[in-house]
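Good morning, and thank you for joining. I would like to walk you through one structure today, beginning with its ligand and then turning to its metal site.

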Amino acid sequence: MENIKSYIRDNKQRFIAELIELLKIPSVSADPTYKNDVVRTAKEVKKSLEKAGCTKVEICKTPGFPVVYGERIIADSLPTVLVYGHYDVQPADPLELWDHPPYEPKLKSTKIHPDGAIFARGACDDKGQMFMHVKALEYMVKNNELPCNIKFMIEGEEEVGSENLGWFIKRNKEKLANDVILISDTGMIANDVPSITTGLRGLSYVEVEVTGPNRDLHSGLYGGAVANPINVLTKMIASLHDENNHITIPGFYDRVEELTTAERAKMAEAPFNLEKYKEALKINDVYGEKGFTTNERNSIRPTLDVNGIWGGYIGEGAKTVIPSKAFAKISMRLVPNQDWEEITQLFKIHFESIAPKGVTVKVKPHHGGQGYVTPIDSIAYKAASKAYETTFGKTPIPQRSGGSIPIVAMFEEELKSKTVLMGFGLDSDAIHSPNEHFGVWNFLKGIETIPYFYKHFTELHEDGK
Ligand code: BES
Ligand code: MN
Ligand code: MN
């Protein structure tokens, strides 16, 4: 690997330019307006894999957006790493909050990224991180240093729940057979505090609808005499947490695994500065479940959050009206062992049961997925750890994340493989937010670190034989 540093130095501008081309395509999977752009992105990903040295690349149809599959198989006797990533992105709105248009990538340095960061929707989540793997492959192929078989599965529906990826996996088990799954779609603590994500939360996403009278009513003529669905909905939502910010849905915590004091103490060793955290978010205090630290609240504890709420009159000026309906979108982040379908059911039963007379309530489940904890005694984790040690000069800290990649649990169920999460983004990179960006340093560090993973994984795999 002695050439890796110079290879990156010599090709840095081209790597960035290629990523920028990919970022220019608005591959928003959630919005049908962008359908052609999503499909076009799949084609660009295919080209980039071919160029990097995959010997077989296909655009695989699914009932939804296609999966890009690529491979470079050297020998049956060698281990196989399956790289997963996604080429779709979140919607960019609210557009007015972006300093530059989201699909006109801009290089700019920030306090945290003095070497510059690429600002664009998808820069970090996940085009930039997925592309690190493409460039790492390019390096390994050009320098004859790919030590094992490699497969790529890059999907276009992650941001909408990967509903068709399960369909694809079930039908392509042999094609996707592997010894480990490698994903860069998470973050790390800081550029000088490398970490490996060892857990993802599950998710249950629901939409609720509260209906009062059959039509909007004059709030003077009817006000006080009938249920106002917005008043009722907000009251119902407020009751979902108690005074300690515990969730009140019966059975919600039944399967939650409580960490031991020792495990919690270990977690607390990860560097965290509460003052800086508050300062970065311009909040005067943190908020959450009593008895848990901020890092615990956003990783090992389940949550319930309203993501959007609407109904009634929200136009200019005032309109005196009691709306007929009120709506909310609610997400619950779950921890391993909680089953998302069971939680969705518990939510539905509870939410319907707390509806007062005078309204009717509908609960519509959207998507969901199970949480995941990765082992840290596997050869894959050890290989990842060694890779970071080489390129960061520090042992990475294992850290459970609060985010979700629902397909990871399905990989284990269907393909019987474990996943390693080598994420190089930072929480401050504003994924899903306006001004999403990815540090150039992080992008290049990822490209540098990934080849070492293959090297160590293959060596450890051989040793284990
Ligand atoms: N890459 C994120 C998940 C993530 C980010 C995990 C940072 C850990 C750290 C992924 O693209 C994502 O946004 N997932 C969704 C879930 C999905 C079902 C829409 C999420 O976590 O909200
Ligand atoms: Mn992602
Ligand atoms: Mn995302």
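A polar contact, as I shall use the term, is a pair of N or O atoms within 3.5 Å. Please bear in mind that this is a predicted model.

With that definition, consider ligand 1. One of its nitrogen atoms is 2.8 Å from an N or O atom in the side chain of Asp-185. A nitrogen atom of ligand 1 also lies 2.9 Å from a polar backbone atom of Ser-404. For His-86, a polar side-chain atom is 3.2 Å from an oxygen atom of the ligand. The protein covers 88% of the 520 Å² of accessible area that ligand 1 has on its own.

What surrounds this ligand? There are 17 residues around it, and those that come nearest are Glu-158, Asp-185, Arg-333, Ser-404 and His-432. By character, the shell comprises four nonpolar, eight polar and five charged residues. Domain 1 (4–200 + 371–463) and domain 2 (202–256 + 302–369) both contribute to that shell, so ligand 1 lies between them.

I turn now to the metal site. His-86, through NE2, coordinates the manganese ion (ligand 2), as do Asp-125 and Asp-185 through OD atoms, at 2.0 to 2.4 Å. The site has six donor atoms, with angles of 56 to 166 degrees among them, and is irregular. Asp-125 bridges this ion and the manganese ion (ligand 3), the two lying 3.6 Å apart. Asp-125 sits in the loop between β5 (117–119) and α3 (127–142), and Asp-185 in the loop between β7 (180–183) and β8 (195–200), so the pair ties together parts 60 residues apart in sequence.

Note on methods
Residues numbered from 1 in each chain as written. Chains lettered and ligands numbered in written order. Predicted model: local features only at pLDDT ≥ 70, side-chain atom pairs only at ≥ 80, totals over all residues. Heavy atoms only, no water. Near = heavy atom within 4 Å. Polar contact = N/O pair within 3.5 Å; in protein donor to acceptor, adjacent residues only side chain to side chain. Areas by Shrake-Rupley, 256 points an atom, 1.4 Å probe, with all protein chains shown as cover. Nonpolar A, V, L, I, M, F, W, Y, C, P; charged D, E, K, R; others polar. Domains from an automatic or database assignment. Donors = N, O, S within 2.8 Å, 3.2 Å for Na, K, Ca; no water. Tetrahedral: all angles 85-135°; square planar, octahedral: opposite > 155°, others 65-115°. Helix = DSSP H or I, 4+ residues; strand = E, 2+ residues; numbered from the N terminus.
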